[in-house]
Amino acid sequence: MDKVYEYGWWLPPDVSVHGHRIDLIINWLHWFMLALFVGWGVFMVYTLIRFRARPGVAADYKGVQTHASSYIEGVVALIEVIFLVGLSIPVWADVKANPPSPSEADVVLRVVGEQFAWNIHYPGADGKFSKTDAALVSQSNPLGLVGGDPDGADDIVTLNQLHFPVGKKVLLNLSSKDVIHSFWLPTMRVKQDAIPGMTVPLWFEAKDTGQFEIACAQLCGLGHYRMKGYFSIDTPDEFAKWLDEQKASAATEDDYY
Amino acid sequence: MSAGGGLYLGLRISFQTRRWGTESMSDGHHHEELPFWRKYIFSVDHKVIGIQYAVTSLVFLFFGFCLMMLMRWQLAYPGQPIPFIGGLFSDATAPGGVMLPEYYNQLGAMHGTIMVFLGVVPLSVGGFGNYIMPLQIGAPDMAFPKLNMASYWVYLIGGTIMVLSFFIPEGGAAQSGWTSYPPLSVVAQEGQTWWLLGMLFLIFSSLLGSVNFITTIMHLRAPGMTMMRLPFFVWAQFVTSFLLLLAFPPLQAAATLQFMDRVFATSFFLPTGLVVGGAPAAISGGGNPLLWQHLFWFLAHPEVYVLILPAFGIITEIIANNTRKPLWGYKSMVYAICFLGFMSFVVWAHHMFMTGMGNFMSMFFQTTTMIISIPSVILLTALLISLWGGAIRFTVPMLFALAFLPMFGIGGLTGLPLGLASPDIHLHDTYYVIGHFHYVVAPGTLFALFAGIYYWFPKAVGRHTNVWLGRIHFYGSFVCANLVFMPMFFQGMAGTSRRLYDQTFYTHGAAVQDLTILSSFGAWGLGFFQLFFIVNFFVSMFAGKKVESDNPWDATTLEWATPTPPPHGNFLAPPKCYRGPYEYSVPGMSADFQPQGEV
């Protein structure tokens with residue numbers, strides 16, 4: 001039985017291993033912002049009431065004489081430095097900047113965006129992806145796989161259906177066929193632009209199973225709003241079973257190539 | 001002497017002559033000889049051009065706002081026919097009143113383009129800058145009056161092209177967002193070519209204007225008007241002009257390249273192996289889509305400061321005048337705004353964190369982004385502290401100016417989680433971004449622009465605006481603007497992508513649909529309260545209470561030392577400047593203000 005996840009007015013559920021570090025920065029930043037805003041707001045409202053124009057009372061030519069504001073600005077700057085150096089930069093280094101090598105990852109796959117769907121490409125048991133050629137792309141061969149390539153014999157291609165196992169390191173190479181899309185897994189705190197002509201690695205690990213949605217975050221044409229995919233975080237056994245099922249159905253489709 | 005020095009001297013002499021030279025601009029005979037079309041249509045008078053800019057840009061702002069009110073219907077009630085006016089739409093836009101996704105994308109792209117390039121910038125720079133800046137520095141006109149006229153007409157051509165593109169039979173207006181990212185924009189329909197053409201005209205217009213502004217501020221200041229005696233509004237226009245001058249040329253180049261990609265089959269932004277619509281695209285390839293983003297944001301981030309700095313300038317004038325005391329920290333504000341202008345050139349890639357950025361690049365752009373927040377905090381703090389010790393008059397312009405402070409504050413603060421790359425992973429390209437920059441530009445800059453209109457209206461027209469209509473306009477707009485934009489932070493936090501025709505398509509989007517509806521009603525309410533402004537504007541122009549003094553607000557800066565409205569040539573006698581811009585409530589003086597131009 002899959003868990004039921006609730007969606008509301010703040011951050012969506014998080015089933016990734018790294019997501020809590022991003023959520024922590026977001027939540028702490030908002031407390032900091034709220035404190036600053038309320039502080040400024042109270043000062044402003046008090047000042048407006050106290051120094052409203054009254055007959056016989058002139059304005060003070062000199063105004064505030066202290067340098068308290070400089071200290072406050074210093075503290076604000078210091079807190080920003082802590083967020084920057086202590087939180088944001090290290091998290092980025094772990095989450096976005098240093099991809100694992102394919103041998104370090106448990107699951108390696110490709111995702112290729114197109115107007116308006118996500119092509120998911122698994123290498124199969126041999127761990128090798130088929131060669132591709134843009135000139136071969138057609139309705140029945142959306143990724144332009146080169147027929148007869150032995151590396152591609154056991155490849156699996158699905159449309160809008162991404163599966164990966166829980167607790168395993170996933171390495172995903174992202175690109176696009178046509179325009180720029182953005183691969184967005186809200187509940188995994190994963191977002192990356194899919195840019196034609198470039199392949200960008202992203203990696204993640206789930207801490208929980210469940211069924212979720214893939215969204216597109218970059219305007220990609222009139223169907224941008226419906227470029228929705230689905231992803232399922234399975235137990236390793238379920239994942240292996242799902243791969244076998246896909247292999248069986250792919251075998252019957254091989255005649256097309 | 002070097003060639004540059006010689007050129008400088010030559011310019012200097014010619015400006016001296018123009019300043020108060022043999023052919024005096026204040027002799028009063030000048031304008032009597034001019035026929036109507038030279039005086040009011042093809043005028044070279046900076047004030048007429050300023051008003052032309054202001055009125056044109058207000059019309060564009062209203063038009064762009066209407067596009068948004070249409071979009072808000074589709075967002076709140078996806079797939080339902082637009083009420084009342086639904087029948088007016090063609091089958092290519094909204095058959096049976098139900099908006100098509102491609103039409104939604106047109107409205108989105110054109111709302112952004114019109115508001116930024118045809119509305120806010122022309123109003124704050126072309127309108128206010130043109131009208132007020134020469135008056136405040138004590139100049140008879142701009143340094144290059146004909147260039148000034150040209151910049152307005154080039155702007156109007158650009159704007160006309162943009163609006164006409166809605167009527168293109170094949171696909172209508174541009175629909176790739178105001179950012180026009182290729183390859184989407186290159187494979188898009190005809191409207192995008194018109195968009196690029198329109199942009200080329202608008203950029204050209206801005207370049208003409210910025211050269212003129214810089215020259216005027218450098219050379220046409222009245223005697224005694226040193227740089228540190230300039231009203232802060234002039235400083236804001238000065239820095240803004242440098243941003244326009246230095247940031248727009250890269251976009252002009254980029255727009256030309258994209259135009260060539262579309263029309264002459266080049267591939268500057270198209271990579272090899274592109275497959276569009278299921279078949280390999282017939283292109284040579286070898287280009288890079290990210291090149292556009294770098295060139296675009298190299299303009300568009302400074303552009304954000306082009307949107308906000310003139311607003312700060314207007315607010316500063318009004319706060320000093322209505323607190324009846326000098327500005328707190330004028331010098332630190334001047335240094336802050338110069339630093340802000342400089343830093344705005346090195347933060348652009350924080351718009352591109354999700355394109356696949358390594359450690360060093362993200363570290364650099366996060367750091368510069370945090371650094372640029374400091375001068376913004378200094379500006380905001382100085383204005384807040386300026387209130388302390390004042391004798392605050394709550395006039396209509398002051399109400400808008402005061403509201404600007406917390407509204408810009410929200411806009412600025414919500415930039416923090418976007419400017420730090422890690423939290424940006426969740427918030428990038430969501431409604432959070434929309435909320436963030438609209439707080440900066442709508443209840444921020446636009447409130448400042450309304451403040452400026454109410455403040456300088458008596459000088460430009462010679463009549464007062466109606467105070468009660470102004471107050472209704474203010475309180476209504478203040479409440480509604482927050483209703484529009486505050487829910488967006490929660491939508492974005494929930495993960496809703498921006499630019500979605502129907503966000504209920506996603507589970508996390510459907511969960512915040514109530515907020516979308518609230519936001520839409522806020523937008524329509526905001527539209528309703530603008531009617532009070534429109535009525536006030538036109539009725540006051542012809543029937544408002546006449547001003548009894550040339551200086552109805554008891555202000556200090558030089559624009560109030562002119563006759564009302566100022567004639568061609570501005571001042572009756574060459575003005576001189578004797579002191580800083582905000583000498584209010586000087587101890588020992590009987591009046592609570594000491595004008596810059598009086599001994």
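Chain B has 599 residues, and a compact globule of that length would have a radius of gyration near 25 Å; the chain's own value is 24 Å, which agrees. The model is predicted. Chain B is built from 18 helices and 2 strands, whereas chain A contains two open sheets, one with the order S4-S10-S9-S6-S7 and one with the order S3-S2-S1-S5-S8. Chain A is also divided by its domain assignment into domain 1 (19-97) and domain 2 (107-256).

**Overall dimensions and domains**

- Along its principal axes, chain B occupies a box of roughly 75 × 55 × 50 Å, as judged from the C-alpha atoms.
- In chain A, the C-alpha centres of domain 1 and domain 2 are 44 Å apart.

**Chain A: the sheet S3-S2-S1-S5-S8**

- This open sheet has 5 strands, and its pairing is mixed.
- The edge positions are taken by S3 and strand S8 (200-204) of chain A; each has a single partner strand, so one side of each has no neighbour in the sheet.
- On average, neighbouring strands of this sheet are turned by 25 degrees against each other, direction ignored.
- Strand S1 (residues 107-114) of chain A runs antiparallel to strand S2 (residues 117-122) of chain A, and 5 bridges join the two.
- Within that pair, Gly113(A) is placed opposite Trp118(A) of S2(A).
- The connection from S1(A) to S2(A) is a hairpin of 2 residues.
- S2(A) also pairs with strand S3 (residues 156-159) of chain A, through 4 bridges and again in an antiparallel arrangement.
- Here His121(A) faces Val157(A), which belongs to S3(A).
- At the other edge, strand S5 (residues 170-176) of chain A and S8(A) are antiparallel, with 5 bridges between them.
- Leu171(A) is set opposite Trp203(A) in S8(A).

**Chain A: the sheet S4-S10-S9-S6-S7**

- This is likewise an open sheet of 5 strands with mixed pairing.
- Strand S4 (161-165) and strand S7 (190-194) of chain A form its edges; since each has a single partner strand, one side of each is left without a neighbour in the sheet.
- From one strand to the next, the twist averages 20 degrees.
- Strand S6 (residues 181-185) of chain A is joined to S7(A) by 5 bridges, in the antiparallel sense.
- Trp184(A) has Lys191(A) in S7(A) as its bridge partner.

**Chain B: helix packing**

- Helix H7 (residues 191-219) and helix H8 (residues 232-263) of chain B have axes that come within 8 Å and cross at roughly 155 degrees.
- Because an angle over 145 degrees counts as roughly antiparallel, H7(B) is roughly antiparallel to H8(B).
- The contact of H7(B) with H8(B) comprises 19 nonpolar, 8 polar and 1 charged residues.
- The crossing of H7(B) past H8(B) is left-handed.
- A second pair consists of helix H3 (residues 46-76) of chain B and H5(B), whose axes come within 10 Å and cross at roughly 15 degrees.
- That angle makes H3(B) roughly parallel to H5(B), since angles under 35 degrees are counted as roughly parallel.
- H3(B) passes H5(B) in a crossing that is also left-handed.

**Backbone features in loops**

- In chain A, a cis peptide bond links Gln115(A) to Phe116(A), with omega near 0 degrees.
- Phe116(A) is located in the loop between S1 and S2 of chain A, where the hairpin has 2 residues.
- In chain B, the peptide bond from Pro182(B) to Pro183(B) is cis, and its omega is near 0 degrees.
- Pro183(B) lies in the loop between helix H5 (145-164) and helix H6 (184-187) of chain B.
- Ala265(B) is not a glycine, yet its phi is positive, at about 60 degrees.
- The loop that holds Ala265(B) runs between H8 and strand S1 (275-276) of chain B.

Methods
Residues numbered from 1 in each chain as written. Chains lettered and ligands numbered in written order. Predicted model: local features only at pLDDT ≥ 70, side-chain atom pairs only at ≥ 80, totals over all residues. Domains from an automatic or database assignment. Pairing = 2+ DSSP bridges. Axes fitted to C-alpha atoms, helices over the stretch in contact; angles between N-to-C directions. Parallel < 35°, antiparallel > 145°, perpendicular 65-115°, else oblique. Left-handed = near helix turned anticlockwise from the far one by under 90°. Nonpolar A, V, L, I, M, F, W, Y, C, P; charged D, E, K, R; others polar. Rg over C-alpha atoms; globule rule 2.2 N^0.38 Å.
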